[in-house]
Amino acid sequence: MKRMRKLNFIHQPFFALVFVLILVGCQDVLEENPKGTLTPEFFATGQGLEGGVTAAYSYLRYYYGTEGGHNLTVYGTDEFTNGNQTSNPPLNVYSGITSDNGDLLTPWNRAYPAINTCNGVIELGAGATDLLEEAKTNIIAEAKYLRAHWYFLLVKTFGGVTLDLGSGPLRFNQTPSSEFKRASLAETYDAIITDLEEASVELPNSPRDPGRAWKATALHLLAKVYLTRAWSEAAQSADYDSALAKVNKLIPSPSSPVGNYNAALLSDFADVFAEGNEYNSEVLLTANRIGNVDFNVIDTNTGQNDANLQQNRSNFYFRMFYTDFPGMIRDVENGRPWIRFKPTDYLLNLAFSDKTVDSRFDKSFQTVWYANDETEFDPDNPTDDPYPRWSQAEADQGYVDPSLVGQRKFDLGDTAVWFVPDHITLTQDEIAQKGYTVLLPSYTSGQKGHFPSMSKYNAVERPVPGTEDDPNVASYRSYIIYRFAETYLVGAEAALMKGNTALAADYINTLRRRAAWPGMENDNEIVAGDVTIDFILDERTRELAGEQTRWFDLVRTGKLEERVKLHNPDGSPNVQSYHRLRPIPQDQIDRTVGDYGQNPGYN
């Protein structure tokens, strides 16, 4: 439904203003002298090409690692429900999702300025005379990759979207317009695949700089695009074969952890997410923050990453309220608890059902907190002590030696909180003897504030002087967008859909051997008969939980409603098939002449 609104130049549709907004993006990230306008002549220079591509990369910061990006991809799934400080409940409960939902603008309003910038680089870059041909080819190929990347996000989120911004499909637009049409699903996928096929040939064999796309990045995304289209209404008969072909170009042998184009699995899953290791051989693309001045602006007064909407706050979202427990205060190591996303019982106990063999749960979640309150015990004021003390009654029960009555149950640096994994059984007497807080799996499922916290995004580095001890600082880490490990899972899914479960098991076992505790590699392997689409979704959870992929995984495989109903009680009553697409933002509908078209199910 279109809402009446007076249209004028200032209130033109968002992607009619991409030309203006590109200027802001470029000025935010570039050291060069900013241009008053991005003219065709500007794109016909080396400075213009580099500036345009850098600006297009910079828009990734609005989506990856941000609250809006996570709201659209992480929660409302079988993996994560809302914590007790959620910011957008409709996306989790599947009720009240309207076209005015602000998080919809996270991809919509960021994709189109990036896309139009890429249009300019691709269309006009060949005229640059101050660059060597190889350098020019690489830059233009990066623009093709980025344009495809953004369109892929849009098509997965909204369905078929606009390819013509006012000057023709995939053409650089300088003229404000309000006449836009949605391309079909098939047309949108065709545009994405054309860009990625060309980029996979033209990109260099290794990244020009950390965080930039190269051949491995394009091949990985191309395999994902073919796989995603194969499940869709726009499917072509060869899509699964094409996905496998691209995977094979990157992974020469499904049982090998080493790929082509400098891509390789790390030997330890935990090292992939180690702070400061964001550009390891497994990482295929990142949204850069600090570490590369071309992609980041720091406010020297606050030590924060540029604008709030571009901050990487992933270090906040997945944390429980640990300061509720004795001996714990907020600190940098444990992070600021925003309590946005709570793991579901499925994620904690079903997906990770074999924690004694597979190490990925322990390497993805924090289950133990160590006392960090430095308040010293004052015998003269025992009631002011933040630590619990042993009582005579507990000594009488035999929980502690009588000589310890009145003493702290635990002290600075000792265990303060422990979430007991589901494979360990403790009696109430055993729990009482420990003295610190012990929480069983049954406790976690009954509330929203306390749970094992995902640790992949931990961030303790504070590069700005004066912020070293401030737990409220957003992460300066670059956000990992694509990993080589996912390429194996794409290969496994395509092989399964082709009926080759043995090949699918080979891809999966490469990851499972890496994931096993030392000496348990054989025990963690599967056989061909184990491979189903549900098993692959479980394996994607074990490998990729919290990495902004899950909602798309469930939508792609047609499992959204089934999995939410099974594993997310908050969304279970309301989720329906039309929720596989998000509504087109209301601003776009209001500011388009004619009928832009809303997705079914949304008014």
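Visitor: Is phenylalanine 172 buried or exposed in this structure?

Guide: In this predicted model, phenylalanine 172 has a relative accessibility of 6%, so the residue counts as buried. Burial here means a relative accessible area under 20%.

Visitor: Which ring is paired with that of phenylalanine 172, and how should such a pair be read?

Guide: A pair of aromatic rings is described by the distance of the centres and the angle of the planes. In this case the partner is phenylalanine 43: the ring centres are 5.1 Å apart and the planes stand at 85°, so the pair is edge-to-face. Planes over 60 degrees apart fall in that class. Phenylalanine 43 is buried as well, with a relative accessible area of 0%.

Visitor: Which parts of the chain does this pair tie together?

Guide: Phenylalanine 43 belongs to helix α2 (residues 40–43), whereas phenylalanine 172 sits in the loop between α7 (133–158) and α8 (185–202). The pair therefore ties together parts that lie 129 residues apart in sequence.

Visitor: How are the rings of phenylalanine 352 and phenylalanine 365 arranged?

Guide: Their centres are 6.2 Å apart and their planes meet at 80°, so this pair is edge-to-face. Phenylalanine 352 is in the loop between α13 (345–351) and β6 (365–366), while phenylalanine 365 is in strand β6, 13 residues apart. Both residues are buried.

Visitor: How many aromatic pairs are found in the whole structure?

Guide: The search finds 27 aromatic pairs. Ring pairs also link residues into a cluster, whose members include Tyr63, Tyr64, Phe316, Trp338 and Tyr479.

Visitor: How do helices α17 and α19 pack?

Guide: The angle between two helix axes tells how their directions compare, and over 145 degrees counts as roughly antiparallel. Helix α17 (residues 484–497) and helix α19 (residues 533–544) pack at about 175°, with axes 11 Å apart; the two are therefore roughly antiparallel to each other.

Visitor: Which residues make the contact between α17 and α19?

Guide: On α17 they are Ala485, Glu486, Leu489, Ala492, Glu493 and Leu496; on α19 they are Ile533, Ile536, Glu539, Arg540, Glu543 and Leu544. By class, the contact has 7 nonpolar residues, 5 charged and no polar.

Visitor: Where is the pLDDT below 50?

Guide: Where pLDDT is low, the predicted coordinates should not be read in detail. The protein has a mean pLDDT of 90, and 91% of its residues reach 70 or more. Over residues 4–36, however, the pLDDT is below 50, although this stretch has 81 contacts in the model beyond near neighbours in sequence. Residues 291–306 are also below 50, with 42 contacts beyond near neighbours in sequence.

Methods:
Residues are numbered from 1 along each chain as its sequence is written. This is a predicted model: local features need pLDDT of at least 70, side-chain atom pairs count only at pLDDT 80 or more; totals for chains, interfaces and linings use all residues. Side-chain values use heavy atoms; hydrogens and water are left out. Axes are lines fitted to C-alpha atoms, for helices over the stretch in contact, and angles run from 0 to 180 degrees between N-to-C directions. Helices (H or I, at least four residues) and strands (E, at least two) are DSSP runs, numbered from the N terminus. Angles under 35 degrees count as roughly parallel, over 145 as roughly antiparallel, 65 to 115 as roughly perpendicular and the rest as oblique. Contact means heavy atoms within 4.5 Å. Ala, Val, Leu, Ile, Met, Phe, Trp, Tyr, Cys and Pro count as nonpolar, Asp, Glu, Lys and Arg as charged, and the others, Gly among them, as polar. pLDDT is the predictor's confidence in each residue, from 0 to 100. Rings of Phe, Tyr and Trp (its six-membered ring) pair if their centres lie within 6.5 Å; planes under 30 degrees apart count as stacked, over 60 as edge-to-face and the rest as tilted. Buried means under 20% relative accessible area, exposed over 50%, partly exposed in between (1.4 Å probe, protein chains only).
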